[in-house]
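Biologist: I would like a close look at a single part of this protein, with the rest brought in as far as it helps. Please keep it plain.

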Amino acid sequence: MNAVRRLSLVSNEVFAPMPERRRGALRVAIATQDMQDLNAHFGSARRFAVYDVTREEWNLVEAVAFDDVSDESGEHRAERDDRITPKVDALKGCQILFCLAIGGPSAAKLVAAKIHPIKVAEPQSIPQVLLRTQMMLRTCPPPWLRKVLARAGIAEKKPSFEDED
């Protein structure tokens, strides 16, 4: 059985549920071993840092930790040893996941949960990842991100010729 630990920032409430995504924010998960850098494959990530990202700022929502992870070989220790589904379930509500690598079956499970996986070629700091996300939001987002934003209810209204100043 996989143990999942969540660290959430809460106000004065005890045992408050995971905060609602801020209006206009994109919920981003980052695969990490140390909570400092994007430096993990999806299956071997011991932690995921979850942020709400807007054009102007980002806020840490929670950190999700796992005790039992894969060894990046792609092999299960035993038949029916599923370490992926608990991770996908823990990340539900995120729109994007950044990681160093991810296998096809894992990516398919994330996409089915409406989480868009993004592979990054080299490790980088979490602030660099968040700044990159903000730049995509500030400039003309690529088509895949526009689709994610629309699905999350964040997409901006498209300009119309009927709009007058």
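How many bridges join strand S6 (residues 96-99) to strand S7 (residues 116-119), and do these strands run parallel or antiparallel? Please start there and work outwards.

Modeller: The model is a predicted one. Strands S6 and S7 run parallel and are joined by four bridges. Within this pair, Phe-98 of the one strand stands opposite Ile-118 in S7. Between the two strands the chain passes through helix H2 (residues 104-112), and the resulting β-α-β crossover is right-handed.

The loop that leads from H2 into S7 holds two residues worth a look. Lys-114 lies in this loop. The phi angle of Lys-114 is positive, about 65°, although the residue is not a glycine. Most residues other than glycine have a negative phi. Lys-114 is partly exposed, because its relative accessibility is 49% and the exposed class begins over 50%.

Ile-115 belongs to the same loop between H2 and S7. Is Ile-115 buried or exposed? Ile-115 counts as buried because its relative accessibility is 1%, which is under the 20% cut-off. Beyond its neighbours within four places in sequence, Ile-115 is in contact with Val-88, Leu-91, Lys-92, Cys-94, Gln-95, Ile-96, Leu-97 and Leu-110. One of these partners, Lys-92, is 23 residues away along the chain, yet the two C-alpha atoms are separated by 7.4 Å.

The region also holds two cysteines to consider. Cys-94, one of the contacts of Ile-115, is buried because its relative accessibility is 4%. Cys-99, at 0% relative accessibility, is buried as well. A disulfide is a covalent bond between the sulfur atoms of two cysteines. With a limit of 2.5 Å between cysteine sulfur atoms, the count of disulfides is zero.

On the strand pair itself, Phe-98 and Ile-118 share a further partner. Arg-132, in helix H3 (residues 126-138), is in contact with Phe-98, Ile-118 and Val-120 once its neighbours within four places in sequence are left aside. Arg-132 counts as partly exposed because its relative accessible area is 35%, a value between the 20% and 50% limits. The two strand residues that stand opposite each other are thus both in contact with a residue of H3.

Earlier in the sequence, helix H1 (residues 84-90) contains Lys-87. Lys-87 is a lysine that counts as buried, because its relative accessibility is 0%. What does the side chain of Lys-87 reach? The side chain reaches the backbone oxygen of Phe-42, at 3.0 Å. That distance falls within the 3.5 Å limit for a polar contact between N or O atoms. Val-88, listed above among the contacts of Ile-115, is the next residue to consider in this stretch; H1 spans residues 84-90.

Further back still, the strands are paired in another way. S2 (26-32) and S4 (residues 47-53) run antiparallel and are joined by seven bridges. In that pairing, Leu-26 has Val-53 in S4 as its bridge partner. S4 also pairs with strand S5 (residues 58-66), again antiparallel and again through seven bridges. Here the bridge partner of Ala-49 is Ala-63 in S5. S4 and S5 form a hairpin, with four residues between them. S4 is mostly covered, with six of its seven residues buried. In a regular strand the side chains alternate between the two faces of the sheet.

Met-35 sits in the loop between S2 and strand S3 (37-38). Its phi is near 65°, again a positive value in a residue other than glycine. Met-35 is partly exposed because its relative accessible area is 25%.

As for the whole chain, the protein has four helices and eight strands. Their order along the sequence is β-β-β-β-β-α-β-α-β-β-α-α. Of the 165 residues, 41% count as buried. Among contacts with a separation of 6 or more, 59% are between residues 24 or more positions apart. The accessible surface is about 10,100 Å², and carbon and sulfur atoms make up 52% of that area.

Notes:
Residues numbered from 1 in each chain as written. Predicted model: local features only at pLDDT ≥ 70, side-chain atom pairs only at ≥ 80, totals over all residues. Heavy atoms only, no water. Buried < 20%, exposed > 50% of the residue type's maximum accessible area, 1.4 Å probe, protein only. Contact = heavy atoms within 4.5 Å. Areas by Shrake-Rupley, 256 points an atom, 1.4 Å probe, with all protein chains shown as cover. Polar contact = N/O pair within 3.5 Å; in protein donor to acceptor, adjacent residues only side chain to side chain. Pairing = 2+ DSSP bridges. Right-handed = clockwise from strand over helix to strand, strands pointing away.
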